[in-house]
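Q: I should like to learn how to read the features of a protein model. May we go through them one at a time?

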Amino acid sequence: MTYETLAVERFGAVCRISHNRPEARNAESRQLLDELDHAFTAAAEDDGVHVIILAGKGDHFSAGHDLKEAQRERGNFTVEERWAFESKRYFDYSLRILHTPKPVIAQVQGACIAAGFMVANMCDIIMAADDAFFSDPVAHSLGAAAVEVLVHPWVLGQRKARELLFAGGKLTAVDAEKIGMVNHVVPRADLETRTMEMAQRIAQASPFALKILKRSLNRTLDAQGFSVALNAHFDTHQLSHVAGAFQAIRDGGLGNAIQSSKA
Ligand code: ZN
């Protein structure tokens, strides 16, 4: 299959899957999400692939869901339509990255916002350039309860997660490394090389050992209530889409709300 919104490249046993809409800051459109899920499934099923890198071409990893498309095509979704769309493309696709039976490394530069934050944090390891920043302005600026997968407290700790979500600020790569959300911060010019070195090193290990170890690590999260908490938040998030605050902001334009919050 050829992809229109992704670049898929092979480097020995490493498959690099990159968001490839740099002109749109790698915004995740419906097509991009469908292609991403297809590419992850194909890489998971290919025995020659031992490690996957999730990246973004251009200056940014991803600025999040494509809000222009969302406004145009899904602005007037009913509860039922939104539930079907978001449970499949936002929730299930994200969790499939987490449950990919191979190590996945996020390679992050520039903006990693909202849905970008969500998918980067589905990866096992995050390598960040020194210009990377992380944010989720959905509650602060769009009037909905964060993104669909509330991974934030698990990767940031409760205190930092609450500040980022309530106040809508940015977390720098260095700050993200300090609190353990990012594994390594490297100069922007070295990001691809350093990420590939990490991937190739992991690719030398037994794929079966890595597969069952990752299964155990995911079960460790589940023993702490990870899946139960994420599923509960998804339902609550849907409620926030039909609340007055979100609907008023949607009517004024989702993109405008994000723009004005930056000013
Ligand atoms: Zn939503």
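The dialogue below takes up the metal site, the helices, the cores and the salt bridges in turn.

Q: What kind of model is this, and how are its residues numbered?
A: It is a predicted model, in which local features need pLDDT of at least 70 and side-chain atom pairs count only at pLDDT 80 or more, while totals for chains, interfaces and linings use all residues. Residues are numbered from 1 along each chain as its sequence is written, and side-chain values use heavy atoms, with hydrogens and water left out.

Q: Which residues are the protein donors of the zinc ion?
A: Donors are N, O and S atoms within 2.8 Å of the metal (3.2 Å for Na, K and Ca); water is not among the atoms, so sites may look incomplete. Here Glu86 is listed twice through OE atoms, and Glu148 (OE), His237 (NE2) and His241 (NE2) complete the list, at 2.0 to 2.5 Å from the zinc ion. Along the chain these donors follow the spacing E-x61-E-x88-H-x3-H. Glu148 sits in the loop between helix H5 (138-142) and helix H6 (152-156), and His241 in helix H11 (residues 226-241), so this pair ties together parts that are 93 residues apart in sequence. Helices (H or I, at least four residues) and strands (E, at least two) are DSSP runs, numbered from the N terminus.

Q: Are Glu148 and His241 buried or exposed?
A: Buried means under 20% relative accessible area, exposed over 50%, and partly exposed in between (1.4 Å probe, protein chains only). Glu148 is buried at 4% relative accessibility, and His241 is buried at 7%.

Q: How does one read the buried residues of helix H9?
A: An α-helix has 3.6 residues a turn, so residues three or four places apart point the same way. Helix H9 (residues 191-203) has 13 residues and reaches 18 Å from its first C-alpha to its last, close to the 18 Å expected at 1.5 Å a residue; the expected span is 1.5 Å times one less than the number of residues. The buried residues of H9 are Leu191, Thr195, Met196, Ala199, Ile202 and Ala203. Seen down the axis of H9, they fall within an arc of 125°, so they line one face of the helix. The arc is that of the directions from the helix axis to the C-beta atoms.

Q: Which residues of H10 are buried, and what covers them?
A: In H10, the buried residues are Leu210, Lys214 and Asn218. They cover an arc of only 70° around the axis, which puts them on the same side of H10. Their cover includes H3, strand E4 (104-108) and H9. The face of H10 turned away from its buried side carries the exposed residues Phe208, Arg219 and Ala223. After H10 comes Gly225, with a positive phi near 95°.

Q: How many residues does the largest nonpolar core have?
A: A nonpolar core is a set of buried Ala, Val, Leu, Ile, Met, Phe, Trp, Tyr and Cys residues joined through side-chain atoms within 4.5 Å. The largest one has 62 residues, and those with the most contacts inside it are Ile17, Leu54, Val108, Phe134 and Met181. Helix H3 (residues 79-98) supplies the largest share of this core, 7 residues. Apart from this core lies another, of 16 residues, among them Ala13, Val51, Ala129 and Val186. With contact meaning heavy atoms within 4.5 Å, Phe134 touches residues including Val108, Cys112, Phe117, Leu164 and Met181.

Q: How many salt bridges are there?
A: Side chains of opposite charge can pair when their charged atoms come close. A salt bridge is a side-chain nitrogen of Lys or Arg within 4 Å of a carboxyl oxygen of Asp or Glu, and by this rule the count comes to 14. One of them joins Lys214 to Asp124, with the closest N and O atoms 2.8 Å apart. Lys214 lies in helix H10 (residues 207-223) and Asp124 in the loop between helix H4 (115-120) and strand E6 (125-129), so the pair ties together parts that are 90 residues apart in sequence. Lys214 is buried at 5% relative accessible area, whereas Asp124 is partly exposed at 36%.

Q: Which residues are linked in a network of salt bridges?
A: Such a network links Glu9, Arg16, Lys57 and Glu192. Separately, Asp46 forms a salt bridge with Arg10, the closest N and O atoms being 3.0 Å apart.
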